[in-house]
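The following exercises concern one protein structure, which is displayed below. Each task is followed by a solution that proceeds step by step.

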Amino acid sequence: MSKPVIVSGIQPTGNLHIGNYLGAVKNWVELQNSGKYDLYIFIADLHSLTGLQTAEERRNQIKVTAAELLAAGIDPKKTTFFVQSEVCEHTELGWIFNSLTPIAELERMTQYKDKSSRQQKNINAGLLTYPILQAADILLYRGQMVPIGQDQIQHLELTNDIGRWFNNRYGVYFGEVKPLLTKIPKVMSLLEPTKKMSKSLGAGNVIELADEPEAVEAKLKKAVTATEGGVGAPGVQNLLTLFKEFGPAKIHAKFSEDEKSGTIRYGDLKAALAEAISGTFADFRKKRAELLSDEKKLLKILEKGSDGAGKVAQKTMSEVKKLVGLR
């Protein structure tokens, strides 16, 4: 029997940080290594066009994101790993879905409202329609499950709606896609711990996987702790959450007890956390550097992944075109 198909992607809009890692990448690697699924993981460069990167920034970041995902554990021998724009069927199926999706359904999407508010000088049509391309990304490979957090349920519901609209008009073809809800640690900004960790808040708010130990230590020294709120302050809880993920369990338990009793030394917590995070990603930093120093090897990996994805995508589009009357 064939394995369930899982599809997911990430935009090349910045270096991976620990929020990305705990929120998505770590889970992808675990799913991949379980051997239970057929995984399609892609770099969503077409989606990134809705932002404000320059062409050179985007071109470079695609390579960096590819190297970082591979260094973090994505294995091209186990996972179909590719760049979205190298498989033209994504946009082809996206246009067919555009012709089925009511505008009202797009206008109610909460992420559209959120992104529009954050880039008011660049509210382009792609921001409105990118959930349709997202549906094409998934259904092109007949995806059955998508690993997501609770905040992405609305987009997956729209994907299933689009599949049903297609089936109702042209005959049953696409199946239902189920959410693979993952328990995602809530990683918050170092400097604004009531907000989700994001590079849009500024470089000092995030710890990148590629940060050298000195940089990690410097960022954590500036991290907000209990300047307000006392016991249970958001900043302290954020650091304890990170220590739970990256540090030894016994030491985490001791810091947690000290925090509750009011005897915690924040400097000690930050120093121990810096050491734990830096140690966790030591191999990552080495592999990343090796991959970025051999661009031919990196591009060859991506090319092979695109070829594999393309074969599946071409079969889907051939069948879809027959159903809609384009051949």
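**Exercise 1.** Which side chains are joined by a polar contact of 3.2 Å?

Solution. The model is predicted, so that local features need pLDDT of at least 70 and side-chain atom pairs count only at pLDDT 80 or more, while totals for chains, interfaces and linings use all residues. Residues are numbered from 1 along each chain as its sequence is written, and side-chain values use heavy atoms, with hydrogens and water left out.

Step 1. Apply the criterion: a polar contact is a pair of N or O atoms within 3.5 Å; within protein, one must be able to donate a hydrogen and the other to accept it, and residues adjacent in sequence count only if both atoms are side-chain atoms. The pair sought is Asn 15 and Gln 61.

Step 2. Locate Asn 15: it lies in the loop between β1 (5–10) and α1 (18–34). Helices (H or I, at least four residues) and strands (E, at least two) are DSSP runs, numbered from the N terminus.

Step 3. Assess accessibility. Asn 15 has a relative accessible area of 17% and is therefore buried (buried means under 20%, exposed over 50%, partly exposed in between, with a 1.4 Å probe and protein chains only).

Step 4. List the surroundings. Beyond its neighbours within four places in sequence, Asn 15 is in contact (heavy atoms within 4.5 Å) with residues including Gln 61, Lys 199, Glu 208 and Arg 288.

**Exercise 2.** Determine how the salt bridge between Glu 217 and Lys 221 is placed.

Solution. Step 1. A salt bridge is a side-chain nitrogen of Lys or Arg within 4 Å of a carboxyl oxygen of Asp or Glu. For Glu 217 and Lys 221 the N to O distance is 4.0 Å.

Step 2. Both residues belong to helix α9 (residues 213–221), and because they are four residues apart, about one helical turn separates them.

Step 3. Glu 217 is partly exposed at 39%, whereas Lys 221 is exposed at 59% relative accessibility.

Step 4. Set this pair beside others. The whole structure holds 15 salt bridges. Among them, Arg 108 pairs with Glu 105 at 3.0 Å, and Asp 268 pairs with Arg 265 at 2.8 Å. Arg 108 is partly exposed at 37%, as is Glu 105 at 22%. Asp 268 is partly exposed at 38%, while Arg 265 is exposed at 58%.

**Exercise 3.** Describe the packing of helix α4 against helix α7.

Solution. Step 1. The axes of α4 (residues 89–98) and α7 (residues 125–139) come within 8 Å and cross at roughly 120 degrees. Axes are lines fitted to C-alpha atoms, for helices over the stretch in contact, and angles run from 0 to 180 degrees between N-to-C directions.

Step 2. The angle makes α4 oblique to α7 (under 35 degrees is roughly parallel, over 145 roughly antiparallel, 65 to 115 roughly perpendicular, and the rest oblique).

Step 3. Residues making the contact include His 90, Leu 93 and Phe 97 of α4, and Ile 132, Leu 133 and Ala 136 of α7.

**Exercise 4.** Is Gly 149 buried or exposed, and where is it found?

Solution. Step 1. Gly 149 occupies the loop between β4 (145–148) and α8 (153–170).

Step 2. With a relative accessible area of 5%, Gly 149 is buried.

Step 3. Leaving aside neighbours within four places in sequence, Gly 149 is in contact with Leu 181 and Ile 184.
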